[in-house]
Amino acid sequence: MSDDTTPADEPKRKDFIRQWIDRDNESGRFGGEVHTRFPPEPNGYLHIGHAKSICLNFALAEDYSGTCNLRFDDTNPCKEEQEYVDSIQEDLAWLGMTPTKVCYASDYFQQLYDWAIQLIEQGVAYVDESTPDAIAEMRGGGLDEGTNSPYRDRPVEESLDLFARMKAGEFSDGSMVLRAKIDMASANINLRDPIMYRVLHAHHHRQGDAWCVYPMYDWAHGLEDSIEGITHSVCTLEFENHRPLYDWFIDQLTDINHPQQIEFARLNLTYTVMSKRKLLRLVQENLVTGWDDPRMPTISGLRRRGYSPEAIRKFCKTIGVAKFNSTIDIQLLDHCLREDLNKTSPRVMAVLDPLKVTITNFSEGDVDQLEAINNPEDESAGTRMVPFTKEIYIERADFMEDAPKKFFRLSQGREVRLRYAYFVTCDEVLKDDAGEIVELKCSYDPATRGGDAPDGRKVKGTLHWVSASECLDAEVRLYDHLFTKENPDATEEGQDFIANLNPDSLKTITAKVEPYLAASTPGDRVQFERTGYFCVDTDSAADALVFNRTVTLKDKWKKIQSKQGGQQKKKKKQGGQQKKKPRLDYSQFKNKKK
RNA sequence: GGGGGAUUAGUGUAAUGGUAACACAAGCGACUCUGACUCGCUUAUUACAGGUUCAAAUCCUGUAUCCCCUGCCA
């Protein structure tokens, strides 16, 4: 994970978390040690938002010569499954992270239980037999102060006895809880006698049926951190209100390690959703093919799509960390991706939308093997041979009748270069009855073999191509944003984010690819020249290749085209004064929780 | 109505009392056997209003806006 480039001459800018750690180190608060952790609940797949947290926590440990644990926060047996534990470990390893230790919150259940008894004995915890509704009612809210539970001052012995019997399974789910005795009038609702344990007769994925009580997050989390010797407990903004409680619990147990909780803003990305609930819904309603659907922002989805761990790490580093609730433009992720793939991906030619071209003056049956560079960014990648024949395919979009001056590609009477091959000139356009172009007749200049004209004549365009007789068919899955709107939650009244799903987020086509690709295996990443970066899908087989489009190449021509179209439209509308786009404000669209 | 946070170019992130930087995006141009890559140039009265100061993004006061908080979820 230390391969991300940080120019040594660039002054290291420190985010607020590193500044905080520096202060702690200066004061000697933790003896100069920095121990972090990544604490997922195993109830879903990791996504790019988790990657931000992962990269942060592991980078902190590395930067300060500390440690970083992976800890499964498995305190709720109802939602958690081994499947998720496995996927999380796989994703973490793929991202290139090696935890110092792999821990489970459930391993601390006995310690937590013993400490709970200690709090009861200290008179700061009690068993409450009120109903869930009654507890909610008594908690109050807003300006209403809470009211004390009638069980709040019951004798210690009674709570001790009841708590032991809760654990033993004598009581039904929801019948009683263990509560901390703090302050029912606190302005911070989290401090109004928060629940520490609930009764749950549920099977735990690691503890089996050993427990009938399970600890709540607020009670458990800080103590888990404390047990592991965590110094800086980094979490997301919504836990800021919980920090006083985090500190309170640890303070009750004198002489245990007291980590510092630090909160940062979670990642939001345009054109996608990040909440586990929404991702789960996409999977459960079969709106995508699964957690690893290449359109999903999950780590497994990105992996299958063809993202590299380097690109994701670079992205996480680039976006930085702060407390401002921001939304990152997906184009920044694309940029980090292209930056890495450009350096690492072998080039190859593939025609996605084939148009047949016959080289009229090329001998029938001849196969001319031409040398092509595998990666201009990496000389060690070497070269390969590409077969050229009388009939080839080019991209349909690379030919245009009555082409404008700015169109550098093929048109009647125009000459272009076929990459690594020859200059060709279009002599004739063949159409079917419907007027559709079905074939081009071109002539080639044998003197330009390899792609250069001995007479020094230049050509403006270079096209990729593939031999019609030597090429392979391949299924290509063209992916686009999963949603049509920057903010999928921006919907009409009565709709939700599902309404903004992009119906064109996947187009499957059959492409013609050069024979060199026959040996490719799932996970291989290549660049289809002039088109984009592609990755061999897990569905791919030797005789049935399947490619996923990871990301397109930047396309200046497309911009020129759309600008010309746009200008015409604008003229029609009126003067076309460009208004400044307002700052992204998603809040007005968010569904308020009732 | 209460509590906790936040606000710097279109989007993000820096600058921690010394005159707004970097990346992406957008636009213009150069280069090019990928209209890719690469390389140039362009883009901010620091949410607003006052105040302190020789000097304010930074300190003070007030205002506005946004986010989070009333699960026996995490």
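The expected span of a helix is 1.5 Å times one less than its number of residues. Keep that rule at hand for the first exercise. The model is predicted.

**Exercise 1. Check the length of helix H2 (residues 48–63), and find how many of its residues are buried.**

Step 1. Count the residues. H2 has 16.

Step 2. Apply the rise of 1.5 Å a residue. The helix should span 22 Å.

Step 3. Compare with the model. The end C-alpha atoms of H2 are 22 Å apart, which agrees with the expected span.

Step 4. Turn to burial. The cut-off for buried is under 20% relative accessible area. In H2, 14 of the 16 residues are buried, so the helix is largely enclosed by the rest of the structure.

Step 5. Look past the end of the helix. Just after H2, Ser65 takes a positive phi of about 50°.

**Exercise 2. Describe chain A as a whole: what are its secondary structure, its extent and its buried share?**

Step 1. Take the secondary structure. Chain A has 13 helices and 25 strands.

Step 2. Take the extent. The C-alpha trace spans about 100 × 55 × 45 Å along its principal axes.

Step 3. Take the burial. Chain A has 594 residues, and 50% of them count as buried.

**Exercise 3. Locate the salt bridge between Arg71 and Asp225, and say whether each partner is buried or exposed.**

Step 1. Find the contact. The side chains of Arg71 and Asp225 meet at 2.6 Å, N to O.

Step 2. Place the partners. Arg71 sits in strand S2 (residues 67–72), and Asp225 sits in helix H7 (residues 217–227). They are 154 residues apart, so this pair links distant parts of the chain.

Step 3. Check accessibility. Arg71 is buried at 0%. Asp225 is also buried, with a relative accessible area of 0%.

Step 4. Widen the view to H7. Nine of its eleven residues are buried, so the helix is mostly covered. Among the buried ones are Trp219, His221, Leu223 and Glu224.

Step 5. Look past H7. Just after this helix, Gly229 takes a positive phi of about 75°.

**Exercise 4. Which parts of the chain do the Arg303–Asp91 and Arg179–Asp128 salt bridges join?**

Step 1. Start with Arg303 and Asp91. Their closest N and O atoms are 3.0 Å apart.

Step 2. Place this pair. Arg303 belongs to helix H10 (residues 299–305) and Asp91 to helix H3 (residues 82–95). The separation along the chain is 212 residues. Asp91 counts as buried, at 1% relative accessibility.

Step 3. Move to Arg179 and Asp128. Here the closest N and O atoms are 3.1 Å apart.

Step 4. Place this second pair. Arg179 lies in strand S5 (residues 177–180) and Asp128 in strand S4 (residues 125–128), so the bridge ties together parts 51 residues apart in sequence.

Step 5. Check accessibility. Arg179 is buried at 0%. Asp128 is buried at 0% as well.

Step 6. Add the network. Asp292, Arg304, Glu475, Arg477, Asp537 and Asp539 are joined into one network by salt bridges that share partners. The structure holds 46 salt bridges.

**Exercise 5. Where do Asp402 and Arg530 lie, and how accessible are they?**

Step 1. Read the backbone angle of Asp402. Its phi is positive, about 50°, although Asp402 is not a glycine.

Step 2. Place Asp402. It is in the loop between strand S15 (391–395) and strand S16 (415–418).

Step 3. Apply the cut-off. Exposed means over 50% relative accessible area. Asp402 reaches 71%, so it counts as exposed.

Step 4. Repeat for Arg530. Its phi is also positive, about 70°, and Arg530 is not a glycine. Its loop runs between strand S23 (525–528) and strand S24 (532–536). At 35%, Arg530 is partly exposed.

**Exercise 6. Which residues form the positive surface patch, and where is Lys554?**

Step 1. List the patch. It is formed by Lys406, Lys554, Lys556, Lys559 and Lys563.

Step 2. Place Lys554. It is in the loop between strand S25 (545–552) and helix H13 (556–573).

Step 3. Check accessibility. Lys554 is exposed, with a relative accessible area of 71%.

**Exercise 7. Describe the setting of Lys458 and its separation from Ser505.**

Step 1. Place Lys458. It is in the loop between strand S18 (437–445) and strand S19 (462–463).

Step 2. Check accessibility. Lys458 counts as exposed, at 77%.

Step 3. Take the separation. Lys458 and Ser505 are 47 residues apart along the chain, and their C-alpha atoms are separated by 39 Å.

Conventions. Residues are numbered from 1 along each chain as its sequence is written. Chains are lettered from A and ligands numbered from 1 in the order in which they are written. This is a predicted model: local features need pLDDT of at least 70, side-chain atom pairs count only at pLDDT 80 or more; totals for chains, interfaces and linings use all residues. Side-chain values use heavy atoms; hydrogens and water are left out. Patches are made of residues with over 30% relative accessible area and no salt bridge: like charges are joined within 9 Å, nonpolar side chains (Val, Leu, Ile, Met, Phe, Trp, Tyr) within 5 Å. Accessible areas come from the Shrake-Rupley method with a 1.4 Å probe; for residues, only the protein chains shown count as cover. A salt bridge is a side-chain nitrogen of Lys or Arg within 4 Å of a carboxyl oxygen of Asp or Glu. Lys and Arg count as positive and Asp and Glu as negative; His and the chain ends are not counted. The place of a charge is taken as NZ of Lys, CZ of Arg, CG of Asp or CD of Glu. Helices (H or I, at least four residues) and strands (E, at least two) are DSSP runs, numbered from the N terminus. Buried means under 20% relative accessible area, exposed over 50%, partly exposed in between (1.4 Å probe, protein chains only).
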